[in-house]
There are 2 protein chains.
Amino acid sequence: MATMRSMQREGRRGGRASRREARASVGAGSWPVLDRQVPVYDVLSEDRLEALHQASIKLLEEIGIDFRDDEAVAMWREAGADVQGYRVRIPEALLMNLVAKAPSRFTVLARNPERNSEIGGNKVAFAPTYGSPFVYDMNGERRYGTLEDLENFHKLAYMSPALHNTGAVTCEPVDISVPKRHLHITYSAIKHSDKPFMGPVTAPERAADAVKMAELVFGANVVDANPVMLSIMNCNSPLVWDETMLGAMKVYARANQACIISPFVMAGANAPASASAAVAQLNAEALAGVAFTQICRAGAPVVYGHFVATISMRSGAPLSGTPEMGFMNLMIGQLARRYGLPLRSSGMMASSKKVDAQAAYESIQTMYPVFLAGTNYVMHSCGWDESGLSASFAKFVLDCEQIEMFYRFGQGPQFGDFDEAVATIKDVGPGGHYLGTEHTQNNFQTAFYMPELADANSYEQWLAEGQKDATDRAIEKVKTMLAHYQAPALDPTIDDALKAFIAEREAVLPDSIA
Amino acid sequence: MATMRSMQREGRRGGRASRREARASVGAGSWPVLDRQVPVYDVLSEDRLEALHQASIKLLEEIGIDFRDDEAVAMWREAGADVQGYRVRIPEALLMNLVAKAPSRFTVLARNPERNSEIGGNKVAFAPTYGSPFVYDMNGERRYGTLEDLENFHKLAYMSPALHNTGAVTCEPVDISVPKRHLHITYSAIKHSDKPFMGPVTAPERAADAVKMAELVFGANVVDANPVMLSIMNCNSPLVWDETMLGAMKVYARANQACIISPFVMAGANAPASASAAVAQLNAEALAGVAFTQICRAGAPVVYGHFVATISMRSGAPLSGTPEMGFMNLMIGQLARRYGLPLRSSGMMASSKKVDAQAAYESIQTMYPVFLAGTNYVMHSCGWDESGLSASFAKFVLDCEQIEMFYRFGQGPQFGDFDEAVATIKDVGPGGHYLGTEHTQNNFQTAFYMPELADANSYEQWLAEGQKDATDRAIEKVKTMLAHYQAPALDPTIDDALKAFIAEREAVLPDSIA
């Protein structure tokens, strides 16, 4: 019979050390998109769900929504909407016919086919944080992000098994001029990882550049037939789609690339001080955006997206992890399922200025309802802090460990060895113990998730190991991962073509915004 | 139209300051036991639930369970079980007939009738941490607990609006000798708070002392007719009820006081390395304990309780917040509902040695499924750290804020002002804003939960305010609360009687364990 000590030895050999090594080595441990086996959680009755839907429909029929782009309103007029200036009023039948053209699920190709991501249905893909001007770096300093930081985030995303997307502008590389930045962001995502990535949306020409870079990697025919990028278009709430976002939307939808239609709602500021009414507005904005992608190209892959936060009615600051944010996520989940659309939300949100208890409370309080809502594409799964103003290296890997636990939770309780395990109870009997049983021996590596960054050791051992807090351990892990990073192979012909394209574009792009 | 600034002024006057003051004043803001309006979350199919139940029944019929107490086995024999030595084998019909005698809900009286706690059904009561030898004190030091610490914890429990129970031995007052400790713990809980409290279980005589003290407060007839205490009896897993716990159980059940029957399961150590099989064992232990209380006194109030953790199969250390703990909680919730029994679980568990990100990740990862499981009595809702070895003052108030959010979440999304709020969307129109609208004015105080300890301010403001982390702010809040504490009135006659009883018992009790 094995003793605890011999199991510990084996555990150390087969367990923590090898797992850490495996995670820090090339591509090892990359997990497929989660096939969720646990149920979604509905907080609304059918009546309430219908009331929300009807409220959104009435908003679009009676008040309408602005599409502040000449071509877009012409397209809406042509499609049959009531257009006055930039104001578009959309009858329910037209809206729902367009929404019905959107696929309920689709696959985003990766340059490594093993990393292809199915989006929709019961699938859950996790993606890192996005869009922060600042970083909390490996010395704990807060400063503007650089291209080197961004490359490091892309490397970490590649190496994190529960992440299914490399992301894009995890932090802003402010050392690159704005007109050229999208080229380097996109190149870094392609170069440093072989998972799917996200495209720039800050101007239609930049979106077009990203499509061209994707064509260099995958071939133009493949890109026209399959999404290889997901890109976020934020609605300018309340009820305004602006020219920039519509420009990117047109480029991507026409190129058959996935658009994530995301009303950006700060309830109380740009939506009502009511979780349910804020969702009614957001739903109108999302449906109008989804419908527009289908005018651009029927059948184009599109995600019902959103960003929701409640604000502090004292200071106007966006909050994270509030119960009303939970409700909004759950209500939106029910709406997205009603329309048969894949759903995007934001996972590990925090407003703290340190990776402290606040950051973690807020992150899981945000993430749990996001997960239960049946979200298919979880943005901001790791690294987001300071209400999105900063991307944190420490929080990136800490959050990833939590995401691994959500992944495991999503696989549902295991019953494969139930009879054998119950038989063990009979063998052990009252007053016995399980550490040395054959069932435990055979299952101890896999029965329970064992976090690496959460220290469950004794106080005395923790003292002896230097009294490290979670952030200290996380920074150590980041450094170890980056030290062990090995780039995924990229065909040198493709790499050269990408570099040549960037050089060609840089030659004509200005160094700063006029 | 009100400006953001004027709303901020009003918010400051009516909001944060007055709320903080209210919380720090006598009894203000104490909330009734939550009447949960959101659904429970079932992870098991009916088939799987039935398989778990059947496995537990077979364990009790075929292997049996030890009741290591002469009177207890005699009572089981008399009731009709197959008894050999301390081993009791219980036929399903006998077991389920006894379980059916237990009430599905009951009310625990408080000395302030406004604090009475209904336990069972859709009700959710939150109680603080319990049983830690150490404290993390207000200077951040880890040391043994004292009676003064315990009194402070009882004061905080009294002042925390989302807590429904004062608890008992929040920390061990090691400055009081063991044989006399229960008297001072129970007195402090009665004296410093007017919420229900918990009783000692370390010896039957001590349980009897607590019942006598309760009788001095409520009157003997009231205590015989109503529970005024809940007390935890841990099963010595696997499948052993020991003499000490059975002794306390007999005292409390016969006195009509609520027993929380709690198998103490460390899956992988004293239960199988399988979440589902561990629940089958735990369920057998809980049902046998619940049934025994009904032999003691038919209809005695009893709670299906448990403590579950998975262990690190590397070190043997108990973990917190793992996905398998989530599954176990959810499965047990389904079982408790099947039997019509109130459910107790453990909420904000953490294994960290600091109130850092780890502590908070673990706490919410534990708490969320506990809440979704339909738990009626949430032990360890605040203050638990270091796997229960330490009670933390900072974590106590930080966790309480999170519990307030779970309370709010449990009330469900609000639709009372839905039509009015949607009408506001029409008034505001595309591109408008909501800060100054009448609806926002009327609802901004209540629409969204606004945490007090989570800092959502700008980085610059946070810097200017001293770069405090969540723990710093929490310690400040603890000090403010204790400085503003005002004891709830206690009839001097009762107080004197309690003191006289303690003196009388102390005169005969030894100063140390022989």
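**Close-ups of a predicted two-chain model**

**Figure 1. A four-stranded open sheet in chain A.** Strands of chain A line up in the order 9-8-19-18 to make an open sheet of 4 strands with mixed pairing. Here strands (E, at least two residues) and helices (H or I, at least four) are DSSP runs counted from the N terminus, and two strands pair if DSSP finds at least two bridges between them. At the edges sit strand 9 (142-144) and strand 18 (384-385) of chain A, each pairing on one side only. Strand 8 (residues 134-136) and strand 19 (residues 390-392) of chain A run parallel and are joined by 3 bridges. Look for Val135(A), which stands opposite Ala391(A) of strand 19.

A note that goes for every view: this is a predicted model, so local features need pLDDT of at least 70 and side-chain atom pairs count only at pLDDT 80 or more, while totals for chains, interfaces and linings use all residues. Residues are numbered from 1 along each chain as its sequence is written, with chains lettered from A and ligands numbered from 1 in the order in which they are written.

**Figure 2. Chain A as a whole.** The secondary structure of chain A comes to 18 helices and 19 strands. Its C-alpha atoms fill a box of roughly 80 × 60 × 50 Å along the principal axes. For 514 residues a compact globule would have a radius of gyration near 24 Å, and chain A agrees, at 24 Å; the radius is taken over C-alpha atoms, and the globule rule is 2.2 Å times the number of residues to the power 0.38. Of the 514 residues of chain A, 59% are buried (20 or more other C-beta atoms within 10 Å of a residue's own; 12 or fewer is exposed, in between is partly exposed, and C-beta atoms are placed from the backbone).

**Figure 3. Asn112(A) in its loop.** Asn112(A) is found between strand 5 (105-108) and strand 6 (117-120) of chain A. It has 16 C-beta neighbours inside 10 Å, so it counts as partly exposed. Leaving aside neighbours within four places in sequence, Asn112(A) is in contact with Asp194(A) and Pro488(A); contact means C-beta atoms, placed from the backbone, within 7 Å.

**Figure 4. Helix 14 of chain B and its two sides.** In this helix (residues 418-428), Phe418(B), Ala421(B), Val422(B), Thr424(B), Ile425(B) and Val428(B) are buried. Down the axis of helix 14 of chain B, these buried residues fall within an arc of 145 degrees, so they line one face; the arc is that of the directions from the helix axis to the C-beta atoms. Turned away from that side are the exposed Asp419(B), Lys426(B) and Asp427(B). The cover over the buried residues includes helix 2 (46-63) and helix 10 (275-296) of chain A, along with helix 15 (438-443) of chain B. Just past helix 14, Gly429(B) takes a positive phi of about 70 degrees.

**Figure 5. Where chain B meets chain A.** In this view, 106 residues of chain B are in contact with 106 residues of chain A. Helix 12 (residues 357-372) of chain B gives the largest share of chain B's side, 9 residues.

**Figure 6. The axis relating the copies.** A turn of 180 degrees and a shift of 0.0 Å along the axis lay chain B on chain A with an RMSD of 0.0 Å (least squares on C-alpha atoms of residues with pLDDT of at least 70 in both). The two copies are thus related as by a two-fold rotation axis. In chain B, the C-alpha nearest that axis belongs to Ala357(B), 2.1 Å away.

Key:
Contact = placed C-beta atoms within 7 Å.
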